[in-house]
Amino acid sequence: MQPNDVRILRGAALVAAPVGVVATVVSAIVAGEKGLVGALVALAVVAGFFGGGSAALMRLTQDKPQVAMTAGLLVYAVQMLLIGVFVIAFGKTTLFNGRAFALSLLVTALAWVGGQVKQSLTSRMLYVDPVPSVPAKGADPAKAESRDAA
């Protein structure tokens with residue numbers, strides 16, 4: 001895992017965690033015990049799906065950074081699909097309050113994505129290799145080899 005990826009993952013979690021806690025408290029106050037359970041399940045779903053998605057994206061782009069955009073869109077689409085399937089599958093459950101679950105899931109997922117965007121925009125990532133792999137025209141090849149050896 002690259003340091004930039006770790007910073008983005010940590011930044012997303014630090015934004016989503018307080019939002020999830022507030023959503024859990026509000027759900028518990030408004031919907032009682034079933035609201036609390038629904039909000040906790042929503043927090044677990046967001047942490048699992050988005051954390052797992054970020055790990056999958058890091059793994060997919062580790063060797064091939066040129067596929068980052070395609071892989072990112074694919075991972076995001078799969079996350080949204082899985083969350084939709086999860087919401088539909090547990091929409092009529094009596095284990096927890098479905099509305100508290102859905103709203104907590106929504107605000108926490110939006111906070112996670114917002115944290116990822118904010119961290120990606122504010123982090124200083126290199127877009128080019130700072131050490132050229134090919135010596136410049138007219139450069140002495142002996143100096144380039146000695147620099148590479150060091």
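Buried residues make up 25% of the 150 residues in the chain. The structure is a predicted model, and the exercises below concern its helices, selected residues and one pocket.

**Exercise 1. Describe the secondary structure and the contact pattern of the chain.**

Step 1. The chain holds 4 helices and 0 strands.
Step 2. Read from the N terminus, the order of elements is α-α-α-α.
Step 3. Among contacts with a separation of 6 or more, 72% join residues 24 or more positions apart.

**Exercise 2. Determine whether the length of helix α2 agrees with its residue count, and establish where its buried residues lie.**

Step 1. Helix α2 covers residues 68-89, which is 22 residues.
Step 2. At 1.5 Å a residue, the helix should span 32 Å. Its end C-alpha atoms are 31 Å apart, in agreement with that value.
Step 3. The buried residues in α2 are Ala71, Val75, Gln79 and Ile83.
Step 4. Viewed down the axis of α2, these buried residues fall within an arc of 100°, so they line one face of the helix.
Step 5. A general rule is relevant here: an α-helix has 3.6 residues a turn, so residues three or four places apart point the same way.
Step 6. On the other side of α2, the exposed residues are Met69, Thr70, Leu73, Leu74, Leu81 and Ile88.

**Exercise 3. Classify Gly20 and Gln119 by burial, and list their contacts beyond four places in sequence.**

Step 1. Gly20 is located in helix α1, while Gln119 is located in helix α3.
Step 2. The cut-off for burial is a relative accessible area under 20%. Gly20 has 0% and is therefore buried. Gln119, at 18% relative accessibility, also counts as buried.
Step 3. With neighbours within four places in sequence set aside, Gly20 is in contact with Leu43 and Thr108. On the same basis, Gln119 is in contact with Arg7, Ile8 and Gly11.
Step 4. A further distance concerns Gly20 and Ala39: they are 19 residues apart in sequence, and their C-alpha atoms are 7.9 Å apart in space.

**Exercise 4. Characterise the second largest pocket by its volume, its lining and the chemical character of that lining.**

Step 1. The second largest pocket contains about 150 Å³ of space.
Step 2. Its lining consists of Ala23, Val26, Ser27, Val30, Ala31, Asn97, Arg99, Ala100, Leu103, Ser104 and Val107.
Step 3. The elements that give two or more residues to this lining are α1 (3-61) and α3 (98-122).
Step 4. By character, the lining of the second largest pocket divides into 7 nonpolar, 3 polar and 1 charged.

Definitions and conventions. Residues numbered from 1 in each chain as written. Predicted model: local features only at pLDDT ≥ 70, side-chain atom pairs only at ≥ 80, totals over all residues. Heavy atoms only, no water. 1 Å grid on protein atoms, 1.4 Å probe; cavity = no way out; pocket = protein on both sides within 12 Å on 5 of 7 lines; lining within 4 Å. Points joined across faces, edges and corners; volume = space filled by probe spheres on them. Nonpolar A, V, L, I, M, F, W, Y, C, P; charged D, E, K, R; others polar. Buried < 20%, exposed > 50% of the residue type's maximum accessible area, 1.4 Å probe, protein only. Contact = heavy atoms within 4.5 Å. Expected span 1.5 Å × (residues − 1). Arc of directions from axis to C-beta.
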